[in-house]
Each structure stands twice: as C-alpha cells, then as structure tokens.
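Please examine the sequence and the model below. The paragraphs that follow lead through its aromatic pairs and then through the surroundings of its ligand.

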Amino acid sequence: MARRWTNDLTHADVTPKALWLNRRQIMAGMAGATALSMAGRGAMAQGLEPNTLEQISSYNNFYEFGTGKEDPMRHADAMQIEPWSITVDGMVDNPGEYALADLLDGLDIEERIYRFRCVEAWSMVVPWNGVELADVLDRVGVQSGARFVAFETVVQPDNMPGVRRGVIPFPYIEGLRLDEARHPLTLLATGIYGEPMPKQNGAPIRLVVPWKYGFKSIKSIVRITLTDTMPETTWNNLNAREYGFYSNVNPEVDHPRWSQATERQIGGGLFARRQDTLMFNGYEDEVAALYEGMDLRENY
Ligand SMILES: Nc1nc2c(c(=O)[nH]1)N[C@H]1C(S)=C(S)[C@@H](COP(=O)(O)O)O[C@H]1N2
Ligand SMILES: [Mo]
C-alpha cells in the first residue's frame, strides 16, 4: 500500500544500541538514495547528535513515577505489565477488554524513526517499533458518529510513587481527533531499537504522535474510548492557557513562559547549539492538511 508520508530519518540518525558510529562511518555506510533524502530534512543534515538507547531510557517524563527526569528510570521497574489488557469502549462495534496480544494479533510491528519534541523544548530521535493506531481502530470497528479517541494510562498506586504523592491528577488522560488518530504517522508503540518498550518509556504499549508535543504521546495505555465529544486531557485540565488540546509542534507559537522556536537535543552535549524547531516537528508535508483553514494560534 502506498504511504502518504515519507520516513526521512534512517538508522543513520540514531545511535546503534551498543556502538557509537561517527558520522564519516555512517555516511560511508549509507545507500545513495538515503544520503540524498538526508540532505533535505534529515536529522543529521540539521546537525543533530543521535540518541542512544541509554539516553532514550534514562531521561524521561512519566509523572506516575515522579516529576524528575530520572525518577522513571529509578522507579518504573515496579510497574506490573503482565498480564496487560486494554479496555476499548464507547462508539465501537466490538467493545471489550482485550488482552494486549489479541489486540495486536496479526498486525505488522514496524520500525519508525521519528523526531520526538517535548513541550519543554528538548528533543530526541527515537527508533520506535509499533503498529499504526488506525489498524487497531479498524479491528475494533469505529462507529460512524465517533469523532475523537480518548486514552487512559494505568494507575498502580503501590508501584507508582508519583501517584501516591498525587503530583498531578491521575489517571493520565489524553486524546486525539479521529483523523489525527487515523493518520499513518500515529503509532501504538511496543518497543524501541527492536526491544520491548522499557517501562520508563511506557511499557507495554504507548502512543506516539510525532508532530505533537511529547505529552500527547500517552504511556502504558489501559483504555481507548471512541467518542463524539472532545476528550479532556491531563495538561489541558491542569493549565488550559499553557496546554491546548491540539499541541502541535509549532516554532511560531510560543509557550506563555518560553520560546518554542528552538530546542535542545538530548545528548547534544553541554555546548551544543540549540537547533531550530520545525513546523509540525518536521512532518508538515504529511500533516498540514489535517489543519487546513484552522488558526493554529487559537487552536494551540
Ligand atoms: N502516562 C503518562 N504518559 C506520558 C507522560 C506522563 O507523565 N505520564 N509524560 C509525557 C511527556 S511530557 C513526554 S515528553 C513523553 C516522554 O516520553 P519518553 O519518556 O519516552 O521520552 O511522555 C508523555 N507521556
Ligand atoms: Mo513532554
């Protein structure tokens, strides 16, 4: 099936798990076509430093385990992820509580190397493994009146110090418009670097929406609800002026307390120059049509 998007990042944009390859080696090892596509918007063409698995799994936001970037790495091991089921409800033909394996049965786990941009103005390049959310939605049968998808994260107070302390209200909840949810870039990710998702990154399954700020990419999902009304979301509930429902990456719309024009790539080093943030995080060609005619300042 022809895809409506191009994956412009390759393995050359991330660091192989065990090995640090320098740029010369990476460029020498690349196929010509790949090298060409990199010349435009590829991460290396922007001078990004690639990310290691260690960077991706040791600098996290997962408030269920605390608000510090290293809290998830320290505490997430206690989260119980087996067995795991996801309740699918609302406007679907086949509602129910699905064992994770049943929900994914027969679907291709693909690798997608995406830019990941947190609203706090840091970013990484991450090689996800996952399925298109659209394929899972097809499986459960979305009814014609549905317009939004809502998601909910597991709550395990005994295993989650941030939940016990109530650092923010839980469960963490998020949502997408149905056309955003169905976009081929939108993933349900089950792994990184070909390995099962580290718990601190949202095991066993989390959302990845690469053109939106990271907080939309909700972790450790236990409920998916199809609805005809715009769902509440955690950060919008906490501070509606600072965090909108859409939260598309946009260098021209600043956060009320800081600029969104540039970002710091994790692993870039202490003296690395901040890099320019790209419209829709570099996925403008793929997703701009979703927002045609919308005022992106009003719909932040
Ligand atoms: N359940 C849950 N999901 C969450 C968060 C969270 O605190 N709880 N943090 C979000 C934020 S702010 C970001 S930037 C990303 C971080 O994902 P990563 O830790 O895999 O980089 O997860 C998002 N998903
Ligand atoms: Mo974030």
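**Aromatic pairs and the ligand site**

In this predicted model, the structure contains twelve aromatic pairs. One of them joins tyrosine 63 and tryptophan 235. The ring centres of tyrosine 63 and tryptophan 235 are 5.6 Å apart, and their planes make an angle of 75°. This pair is classed as edge-to-face because its angle is over 60 degrees. The two partners come from distant parts of the chain, 172 residues apart. Tyrosine 63 belongs to the loop between helix H3 (53-58) and helix H4 (71-75), whereas tryptophan 235 lies in helix H9 (residues 234-238).

Tyrosine 63 also leads to the ligand, as it is among the closest residues to ligand 1, together with Asn60, Glu64, Asn201 and Lys219. In total, 17 residues surround ligand 1. By class, this shell comprises eight nonpolar, six polar and three charged residues. As for its location, ligand 1 occupies the largest pocket.

Which atoms of the protein make polar contacts with ligand 1? The side chain of asparagine 60 places an N or O atom 2.8 Å from an oxygen atom of ligand 1. The side chain of glutamate 64 likewise has an N or O atom 2.8 Å from a nitrogen atom of the ligand. Serine 217 contributes through its backbone, with an N or O atom 3.0 Å from a nitrogen atom of ligand 1. These pairs count as polar contacts because their distances are within 3.5 Å. On its own, ligand 1 has 530 Å² of accessible area, and the protein covers 97% of this area.

Note on methods:
Residues are numbered from 1 along each chain as its sequence is written. Chains are lettered from A and ligands numbered from 1 in the order in which they are written. This is a predicted model: local features need pLDDT of at least 70, side-chain atom pairs count only at pLDDT 80 or more; totals for chains, interfaces and linings use all residues. Side-chain values use heavy atoms; hydrogens and water are left out. A residue is near a molecule or strand if one of its heavy atoms lies within 4 Å of it. A polar contact is a pair of N or O atoms within 3.5 Å; within protein, one must be able to donate a hydrogen and the other to accept it, and residues adjacent in sequence count only if both atoms are side-chain atoms. Accessible areas come from the Shrake-Rupley method with a 1.4 Å probe; for residues, only the protein chains shown count as cover. On a 1 Å grid over the protein atoms alone, a cavity is a set of points where a 1.4 Å probe fits but cannot get out, and a pocket is an open set with protein on both sides within 12 Å along at least five of seven lines; lining residues have an atom within 4 Å of a point. A molecule sits in a cavity or pocket if more than half of its atoms lie within 2 Å of its grid points. Ala, Val, Leu, Ile, Met, Phe, Trp, Tyr, Cys and Pro count as nonpolar, Asp, Glu, Lys and Arg as charged, and the others, Gly among them, as polar. Rings of Phe, Tyr and Trp (its six-membered ring) pair if their centres lie within 6.5 Å; planes under 30 degrees apart count as stacked, over 60 as edge-to-face and the rest as tilted. Helices (H or I, at least four residues) and strands (E, at least two) are DSSP runs, numbered from the N terminus.
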